[in-house]
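Please examine the structure shown below together with its sequence. The paragraphs that follow move from the surface to the interior and then to the strands.

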Amino acid sequence: MTIEEKYKKDIKKILDISFTHKVSHIPSALSQMIYFKYLIPKVKDFDWVAGKQFGWQAYSIYDDRINPDTIDLIILNGKNPEFKYVEETLGNALGVSIGLALTQTKPIWLNVSDSIFQMGRVLEALPLLSKFNSNILITVDFNNISRSKKDLYIPQYISKLTEINNIPVINISSENPNLQAIDKLIESSGPRMIVFETIKGFGVNRFKEDPVGWHYKTMSEEEYKEILEELWESFWLNI
């Protein structure tokens with residue numbers, strides 16, 4: 001059984017939520033899904049910061065506190081108390097998390113996109129993580145695709161940035177995740193980062209083939225039915 005086949009039911013849940021609630025950013029939800037499944041149960045006792053809130057469908061299928069019926073179509077919208085802060089653009093969440101960490105001992109989980117590492121205010125904030133010994137676990141959805149282009153970074157770019165700033169970092173492959181290494185960083189304290197190498201549109205061929213085109217797009221009823229048929233046809237062909 002392939003890793004995609006292991007996630008078929010979770011992929012369907014994301015498709016169902018996305019169609020029922022007319023939500024876009026489906027490829028982003030699918031790229032985060034693969035590590036959220038393991039990570040979210042491990043960080044339930046952390047305060048959460050959504051540095052990448054688009055693709056929130058992936059949060060909702062692994063945490064029943066996040067009810068799609070209470071969320072305003074696209075964004076988490078600040079209605080879920082487990083989030084200390086929800087980023088409505090990009091680039092502010094790291095600085096906010098550092099500020100929060102100065103006022104509390106409870107660890108913070110900050111989930112971000114890879115694209116924020118192009119932003120000056122994020123690069124300026126990185127050295128402060130070590131300076132203040134901020135108790136923040138940062139996870140990065142590294143699918144290397146933005147809304148307009150692919151292959152934003154050379155390999156290990158984000159890891160090099162964190163190493164320069166004395167932040168422990170590991171790169172995790174979605175195909176063969178090192179669970180012990182993930183657990184070690186979750187259970188540590190201080191600043192630390194996990195870069196999850198993901199696939200935008202994971203599990204659905206038409207999303208993987210055109211992640212830019214599907215960035216803001218919602219599914220029509222016909223597309224939803226076609227995608228479900230393709231999903232389960234692929235599943236039955238490979239067992």
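The accessible surface of this protein amounts to about 11100 Å², and carbon and sulfur atoms contribute 51% of that area. The model is a predicted one. Of its 239 residues, 55% count as buried. The chain forms 10 helices and 6 strands. Among contacts with a separation of 6 or more, 72% join residues 24 or more positions apart.

In soluble globular proteins, nonpolar side chains tend to be buried together. Here the largest nonpolar core holds 46 residues, and Leu15, Met33, Tyr59 and Trp109 touch the most other members. Elements giving two or more residues to this core include helix 2 (8-20), strand 1 (47-50), helix 8 (179-187) and helix 10 (221-237). Helix 3 supplies the largest share, 8 residues. Beyond its neighbours within four places in sequence, Leu15 is in contact with Ile26, Phe207, Met219, Tyr224, Ile227, Leu228 and Leu231. Another core, of 26 residues, lies apart from the largest one; among its members are Val49, Leu100, Phe117 and Tyr153.

Strand 6 (192-197) also gives two or more residues to the largest core, and 5 of its 6 residues are buried. Which strands pair with strand 6? Strand 4 (residues 136-142) does so in the parallel sense over 6 bridges, with Ile138 opposite Met193. Strand 5 (residues 169-173) likewise runs parallel to strand 6, joined to it by 5 bridges, and Val169 stands opposite Met193. Between strand 5 and strand 6 the chain passes through helix 8, forming a right-handed β-α-β crossover.

Technical notes: Residues are numbered from 1 along each chain as its sequence is written. This is a predicted model: local features need pLDDT of at least 70, side-chain atom pairs count only at pLDDT 80 or more; totals for chains, interfaces and linings use all residues. Side-chain values use heavy atoms; hydrogens and water are left out. Helices (H or I, at least four residues) and strands (E, at least two) are DSSP runs, numbered from the N terminus. Buried means under 20% relative accessible area, exposed over 50%, partly exposed in between (1.4 Å probe, protein chains only). Contact means heavy atoms within 4.5 Å. Accessible areas come from the Shrake-Rupley method with a 1.4 Å probe; for residues, only the protein chains shown count as cover. A nonpolar core is a set of buried Ala, Val, Leu, Ile, Met, Phe, Trp, Tyr and Cys residues joined through side-chain atoms within 4.5 Å. Two strands pair if DSSP finds at least two bridges between them. A crossover is right-handed if, with the strands pointing away from the viewer, the path from the first strand over the helix to the second runs clockwise.
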